[in-house]
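Open the model in your viewer and keep the sequence panel beside it. The tour below moves from one selection to the next.

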Amino acid sequence: MKFRPCIDIHNGKVKQIVGGSLKDAGDQATENFVSGQDASFYAKLYRDAGIRGGHVILLNNSASPYYEATREQAFLALRTYPGGLQLGGGVCPENACDYLDAGASHVIVTSYVFKNGQISWENLERMEQAVGRERLVLDLSCRKKDDRYYIVTDRWQNFTEVPVTLETLQILGSHCDEFLVHAVDVEGKARGIEVELAQILAGYGERPITYAGGVGSMEDIEILRRAGAGRLDVTIGSALDLFGGTIPFETVCLLSKLNTKQHIEVEVKMDELDLTAEEAIREALKYFGMI
């Protein structure tokens, strides 16, 4: 498991929001945190910490009066950390190369590929031709309906008929380099992860998958690691101390560093050790001489 940082931009500001509250009408969202810093500030933090593969997400649509301000913040982040960040939000073949040329390592796509409730194979082919499979991330962010997780589009507002299943991952995996999956129903709430979703995603091991949504503590990270069989990377938003939460940025950076060490597996047995998850991670890092 690696830590993947995020820079979510809404109405021209770096924010953390409750995912299910986002509305295009009036550019509304329930806010957990609004930063006084611009996007380049966070990009520099991630760059200096050596954490790669983070996500810059534009949360306004192109018709919004805030769209250009939001887009400019995204470009600030990409130029500050060229090659270290991915970009998502309204990406299509016509603008994807703008973001790649500005420094994005990958572009992240949902709504363009999932049209009218289905997979648009024509649009997926266009995206592949525009940027190449190796620079394409498919966003399978989802919400639960009728006991199944379905991909949602248009800034998580509209359900598709495409379920998040092992079969879906296998079908789409040959067309992208990675997957990003927000558990939208718990996104921004920091009250625990969607264990069932993590278990579904863990069944697929052919491409990297980053899980986002509901992480509120170091214990949640450990639950995700176990539910995801160590195969899922993690994004932490509102719970991170950078965004007003309690999880130390330094600690998750160390966690990511530990997990990049080849052939090392650390099983943190919370019931057997009189340690918090954070303390256990630090002890493991000390043991391997990494701090």
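Begin by selecting strand 10 (residues 142–145) and strand 11 (residues 148–153), which run antiparallel and are joined by 4 bridges. What you see is a predicted model, and the tour should be read with that in mind. Within this pair, Cys-142 stands opposite Ile-151 in strand 11. The two strands form a hairpin with 2 residues between them, and if you click on Asp-146 in the turn, you will find a residue with a positive phi of about 55°.

Keep strand 11 selected and add strand 12 (residues 158–163), which pairs with strand 11 in the antiparallel sense over 3 bridges. Here Thr-153 has Asn-158 in strand 12 as its bridge partner. Strand 11 and strand 12 also make a hairpin, with 4 residues between the strands, in which Asp-154 takes a positive phi near 55°. If you now look at how well strand 11 is covered, you will find that 5 of its 6 residues are buried.

Next, select Thr-110, which lies in the loop between strand 6 (106–109) and strand 7 (114–115). Is Thr-110 buried or exposed? Its relative accessible area is 13%, and because buried means under 20%, Thr-110 counts as buried. To see what surrounds this loop residue, leave aside its neighbours within four places in sequence and show its contacts, which are Asp-139, Ile-151, Val-152 and Thr-153. You have already met Ile-151 as the residue opposite Cys-142, and Thr-153 as the bridge partner of Asn-158.

Now move along the chain to strand 13 (residues 178–182) and strand 14, which run parallel and are joined by 4 bridges. One place to look is His-182, whose bridge partner in strand 14 is Ala-212. Between these strands the chain passes through helix 6 (residues 195–202), and this β-α-β crossover from strand 13 to strand 14 is right-handed.

Stay with strand 14 and add strand 15 (residues 232–235), which pairs with strand 14 in the parallel sense over 4 bridges. In this pairing, Thr-210 has Asp-233 in strand 15 as its bridge partner. The chain goes from strand 14 to strand 15 by way of helix 7 (residues 218–227), again in a β-α-β crossover that is right-handed. Before leaving strand 14 (residues 209–212), show its side chains: Ile-209 and Tyr-211 point to one side, Thr-210 and Ala-212 to the other, and all of them are buried, which leaves both faces of the strand covered.

The next stop is an enclosed space. A search of the whole structure finds 1 cavity of 30 Å³ or more, and the volume of the largest cavity is about 160 Å³. To find this place, select Glu-187, Gly-213, Thr-235, Ile-236 and Gly-237, which lie nearest its centre among the 21 residues of the lining. The elements that give two or more residues to this lining are strand 1 (6–10), strand 4 (54–58) and strand 13.

Finally, clear the selection and look at the protein as a whole, which has 9 helices and 15 strands. Of its 291 residues, 57% are buried, and the protein exposes about 12600 Å², of which carbon and sulfur atoms supply 44%. Among contacts between residues at least 6 apart in sequence, 66% join residues at least 24 apart.

How values were computed: Residues are numbered from 1 along each chain as its sequence is written. This is a predicted model: local features need pLDDT of at least 70, side-chain atom pairs count only at pLDDT 80 or more; totals for chains, interfaces and linings use all residues. Side-chain values use heavy atoms; hydrogens and water are left out. Buried means under 20% relative accessible area, exposed over 50%, partly exposed in between (1.4 Å probe, protein chains only). Two strands pair if DSSP finds at least two bridges between them. A crossover is right-handed if, with the strands pointing away from the viewer, the path from the first strand over the helix to the second runs clockwise. Contact means heavy atoms within 4.5 Å. Accessible areas come from the Shrake-Rupley method with a 1.4 Å probe; for residues, only the protein chains shown count as cover. On a 1 Å grid over the protein atoms alone, a cavity is a set of points where a 1.4 Å probe fits but cannot get out, and a pocket is an open set with protein on both sides within 12 Å along at least five of seven lines; lining residues have an atom within 4 Å of a point. Grid points are joined across faces, edges and corners, and a volume is the space filled by probe spheres set on the points.
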